[in-house]
Amino acid sequence: MAVSRRAGPSRTTLLVLVLVSVVLITIDSKGPDVLEPVRSVASEVLSPLRNGAEAAWRPVNRVWNGITHYDDVKKENEQLRADLEAAKGKAFAASAAEGELREFHELFELDYVGDYEQVAAKVVAFAPSNFDQTIEIDRGSDKGIKVGMPVVTGAGLLGSVVRVTDHRAFVRLLSDPEFAVGVTFPDVNEDGVANGGQPLQVDFVDPGADIKVGDEVRTSGQEASRFPAGINIGTVSAVHREPGGLQLDVEVEPIADVESFTIVLVLLTRVDEG
Amino acid sequence: MIQQISESPWLRLALIVIVAVVAQMALVSDLRISDATGDVMLLIAITAGLAAGPDRGAIAGFVAGCVFDSVLQTPFGLSALAYCIVGHIAGRITLNLLRPIWWMPHAVTFGLSAFGVVVYAIVSVVLRDGDVWGWQLLDVVLVVACLNAVLARPALRMLRWTFGVPAPRPVLR
């Protein structure tokens, strides 16, 4: 590790680079459009290389996943069989309840999830960084997908579209700290705002609300929300009541398991009008 | 073109960074342990500093970070900021070593990788107002540090080639 001392350590270089980085972060925070050309060029250049490398790596990746996830897959298979039996019984009751829910939303002129066209998309990649909570799907603006549209699985809300190219879109997951969605607790008729994380943190909940662990949480669809009402989000995993607190601290475990799906649905909501 | 790459350290750096980001996207990010994945872009920054000193370490970290940021949906410049700091520190550590020891690159890479992840997490919390600590940060630190420590030797060799720095003779103890 011997290095010539001729040049010597220069803090100037570091300072300049730190300043440039801060400027870039500031520019990017002003709006995604400013640095979008850079991301587009990177995407165009790197996508073919990435696809080639992935194709070559796939056999090794399968072996790795077989080794590291075998027990998980076995348990998941058993759980899925049990869930399937339970779901058969619930399906009949759910269809009747859905009809009632639709009538309720029509009565209060709320957008309902079933009112929108849906585009099915395949998950093609997870983010390559530990701190980037996004996924990439194989449908883009050519299918009518726009930034801000909700993305769901059969279980519930997964996230929303954060960036779109012609044939691809990037979805910010519920676990991302920048994610936020208006929610409602149907069991107690209370509303709040869920902020991204693992688990989700719900703010602005009335401190007197009788919310319990296990209560369902859904999108509220109120006011200028980008998300229609009635999408499942998850269940309450913890409730913290502080004496004299102005709000109830509620934690929600998302129902959509980020790692166990390959197909998602993009709801073509009216994001431009919102 | 090949001759240009072989002669210019900055073109060689560009080539290394592109290979690294493709490897990160296509290979490394799929090999997850406890939901955490390695970070070879951070490895580039650290080994550039170890191979060529603080200035080049910072520049390599900045370039690697910018390229990585261009494929992520996190704020552009976040990785560049964290990696240029880590690359600079790696270079300063190298300058302060009196004699090279064979295990030192692995140990320094382990420590600086852990430090780099924590720096990234802190900057991310400040900028994004989010709870990064809940993201199994310890798992991420350990996975990134261990993988980078294992890959330190070949990466160091690549970065020495990139900047045209000869390898020192190791001191066995």
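Q: In this predicted model, why does A:Phe227 count as buried?
A: Buried means under 20% relative accessible area. A:Phe227 comes in at 3% relative accessibility, so the label fits.

Q: What makes A:Phe179 and A:Phe227 an aromatic pair, and why is the pair called tilted?
A: Their ring centres are 5.7 Å apart, and the rule asks for centres within 6.5 Å. The planes sit at 55° to each other. Stacked needs under 30 degrees and edge-to-face needs over 60, so this pair is tilted.

Q: How do you know that this pair links distant parts of the chain?
A: Look at where the two rings sit: A:Phe179 is in the loop between β5 (169-173) and β6 (180-185) of chain A, while A:Phe227 is in the loop between β9 (216-219) and β10 (232-240) of chain A. They are 48 residues apart.

Q: What about A:Phe179, buried or exposed?
A: Buried, because its relative accessibility is 2% and the cut-off is under 20%.

Q: Why is the pair of A:Phe131 and B:Tyr120 called stacked?
A: The planes are 25° apart, and under 30 degrees counts as stacked, so that's the name it gets. The centres are 5.0 Å apart. This pair crosses between chains, with B:Tyr120 in helix α6 (residues 104-128) of chain B.

Q: What makes B:Tyr120 buried?
A: Its relative accessible area is 3%, and buried means under 20%, so it qualifies. A:Phe131 is buried too, with 4%.

Technical notes
Residues are numbered from 1 along each chain as its sequence is written. Chains are lettered from A and ligands numbered from 1 in the order in which they are written. This is a predicted model: local features need pLDDT of at least 70, side-chain atom pairs count only at pLDDT 80 or more; totals for chains, interfaces and linings use all residues. Side-chain values use heavy atoms; hydrogens and water are left out. Rings of Phe, Tyr and Trp (its six-membered ring) pair if their centres lie within 6.5 Å; planes under 30 degrees apart count as stacked, over 60 as edge-to-face and the rest as tilted. Helices (H or I, at least four residues) and strands (E, at least two) are DSSP runs, numbered from the N terminus. Buried means under 20% relative accessible area, exposed over 50%, partly exposed in between (1.4 Å probe, protein chains only).
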